[in-house]
Amino acid sequence: MKITDTSDLWWKTAVVYCLDVETFVDANGDGIGDLQGLSQRIDYLAQLGVTVIWLMPFYPTPDRDDGYDVSDFYGVDPRLGTHGDLVEVIRTAKDRGMRVIVDLVVNHTSDRHPWFVSARKSVDSPYRDYYVWRDDPPAHAPNEVFPGEEDGIWEKDDKSGQYYLHSFYHHQPDLNVANPKVRDEIAKTIGFWLQLGISGFRVDAVPYLLEVPTGADMGDPHEFLRDIRQFLQRRSSEAILLGEVNLPYEKQLRYFGGADGDELSMQFDFVGMQAFYLSLARADPTPLIEALRSRPAIARESQWANFLRNHDELTLDKLSDDERQEVFDAFAPEEHQRVYGRGIVRRLPPMLHGDPRRIRMAYSLMFSLPGTPVIFYGEEIGMGENPDLDKRHAVRTPMQWAGDETGGFSSAPLSKLVAAPPGDGYAPVHVNAADQLDDRGSLLHFFRDLTGRYRISPELGWGELEILDAGAPGILAHSVSADVGRMVAVHNFTDVPATVRIALPGEPEGTSLVDLFGPDRMGLADGAASFEVDAYGHHWLRVSRPGDGRLT
């Protein structure tokens, strides 16, 4: 691997920031975030070290599922702005060295999409076969996505007497990807947004997208995913597909395209994320170590996306029942903090009782693992959730820019906001970006340091992982090595300090470890270094070999 590869395959070393335009900044004072407001905060994101802005759905929508019920794949919801406003966001971001990716939500549409409105009017509608219909639903077809909210995945259309498929909410009918016309529409949607300057897509619910209706003759559904990737790269050689594939590692590998890497460019590491929370609950990194060791090797062009939180519940579906209960007991002891029997609707700081040591250790570890870090808006200032809001909405509150009642999100009165900010110890008066910008010791500045260290450590995006023996319980020590360098990270999951001994056999005499977050430089004695790690402490150590000439 050459150092120039790190720019050719930019997603390997990106820093992704996910935001919902609706809850980020309100420029016109109507209580709803908008694209003009986002444009005014591009410099904030650039200074944070973000290189990719991921926009959650901004398309026209009845807004019954936070915008994931799309009624026009080519539009911009008028509440949020116009196509011109979006282009201004893309242009401004590009000027600051950032790319923009957007959600691609094509497993389903809103039931108010013109296609479905036409489809349900008549069985002879030209759009009838854009959706999946049956005279009789299967005897037992539970809703796995929203158990308890939806009785099943088949909804009767009273006019025609037939049932339509909805893997999610009943107002989100599934598209029939076995229909070539639907696949053509998806390709046109991708081409449209690429033409406006988008650098790729976060693909929603990929396994559901590839589900072919019973009896349909489509061949291998993964051919469809490969076709999307090929079309994408014909239109824009640098564009990516970041996929939501919440499956075990061995199944995720197929969605990358295996050794060829010709399907999804990136996938979220759900397995590693869930193991991380189990490790936090136990104060023992063993579950995470086991998950990391089981990560399959992926193609050179592929990448893992590391994350701790997102806009949905913190899903724990890959843990056993007993393991899940451990995490619930530690981080969501109250019933209202849990949903669907599998997830937690809280942000990380409240789960960790606001302990700055544990919060920083957690994010330090996320950034230090092989892969690309993904930040959910507000994580960089330690935002909390609003427990008064229903289910997933608890973590989708407005960004807290300042310490006033509305958090500097809007000039509208609190009652007019799209959602209310927390009113507890995580209220804007206590947690906001303005105060933290003025405080060099704040979490916001810590995030700036993290993104800066990550950006000068390309081995984190390209390298091979090795778990190291730290010689102390509760410590995760790992190394990431590539042609461009080697970095060692040490993280303490416990509330007691520890003395660790890190052996690096094979490193040449004269090699030292340079602390990337401090002034220390430690030489190796007999190929190893010993040092103290604070309770919930963390270290990033550059392996500096004699004569390598690398700036640290």
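**View 1. Strands β4 and β6 meet in a small-scale look at one sheet.** Strand β4 and strand β6 (residues 163-165) run antiparallel and are joined by two bridges; strands count as paired if DSSP finds at least two bridges between them. Helices (H or I, at least four residues) and strands (E, at least two) are DSSP runs, numbered from the N terminus. Tryptophan 133 stands opposite tyrosine 164 in β6. The open sheet here has three strands in the order β4-β6-β5, with antiparallel pairing. Why is one side of β4 (133-134) and of β5 (154-156) left without a neighbour in the sheet? Each stands at an edge with a single partner strand, so nothing in the sheet flanks its other side.

Before moving on, a note on what you are viewing: this is a predicted model, in which local features need pLDDT of at least 70 and side-chain atom pairs count only at pLDDT 80 or more, while totals for chains, interfaces and linings use all residues. Residues are numbered from 1 along each chain as its sequence is written, and side-chain values use heavy atoms, with hydrogens and water left out.

**View 2. Isoleucine 153 sits in the loop between β4 and β5.** Apart from neighbours within four places in sequence, isoleucine 153 is in contact (heavy atoms within 4.5 Å) with Ala141, Pro142, Asn143, Tyr164, Leu165, His166 and Ser167. Aspartate 124 is 29 residues away along the chain, and its C-alpha atom is separated from that of isoleucine 153 by 23 Å.

**View 3. Eight strands close into a barrel.** Follow the strands round in the order β1-β2-β3-β7-β8-β9-β10-β14, with parallel pairing. Neighbouring strands in this sheet are turned against each other by 25° on average, direction ignored. Within the barrel, β9 (residues 266-268) and β10 (residues 303-306) pair in the parallel sense over three bridges. Which residue of β10 stands opposite phenylalanine 268? That residue is alanine 305.

**View 4. Helix α10 packs against helix α11.** The axes of α10 (residues 270-282) and α11 (residues 286-294) come within 7 Å and cross at roughly 160°. Axes are lines fitted to C-alpha atoms, for helices over the stretch in contact, and angles run from 0 to 180 degrees between N-to-C directions. This angle makes α10 roughly antiparallel to α11; angles under 35 degrees count as roughly parallel, over 145 as roughly antiparallel, 65 to 115 as roughly perpendicular and the rest as oblique. Residues making the contact include Val271, Ala275 and Phe276 of α10 and Pro287, Leu288 and Ala291 of α11.

**View 5. Helix α10 also meets helix α12.** The axes of α10 and α12 (residues 321-331) come within 9 Å and cross at roughly 60°, which makes α10 oblique to α12. Among the residues in this contact are Tyr277, Leu278 and Arg282 of α10, together with Glu323, Glu326 and Phe331 of α12.

**View 6. Helices α14 and α16 lie side by side.** Helix α14 (residues 356-368) and helix α16 (residues 443-455) pack at an angle of about 20°, with their axes 10 Å apart. That makes α14 roughly parallel to α16. The contact involves several residues, including Ile359, Tyr363 and Phe367 of α14 and Phe446, Phe447 and Leu450 of α16.
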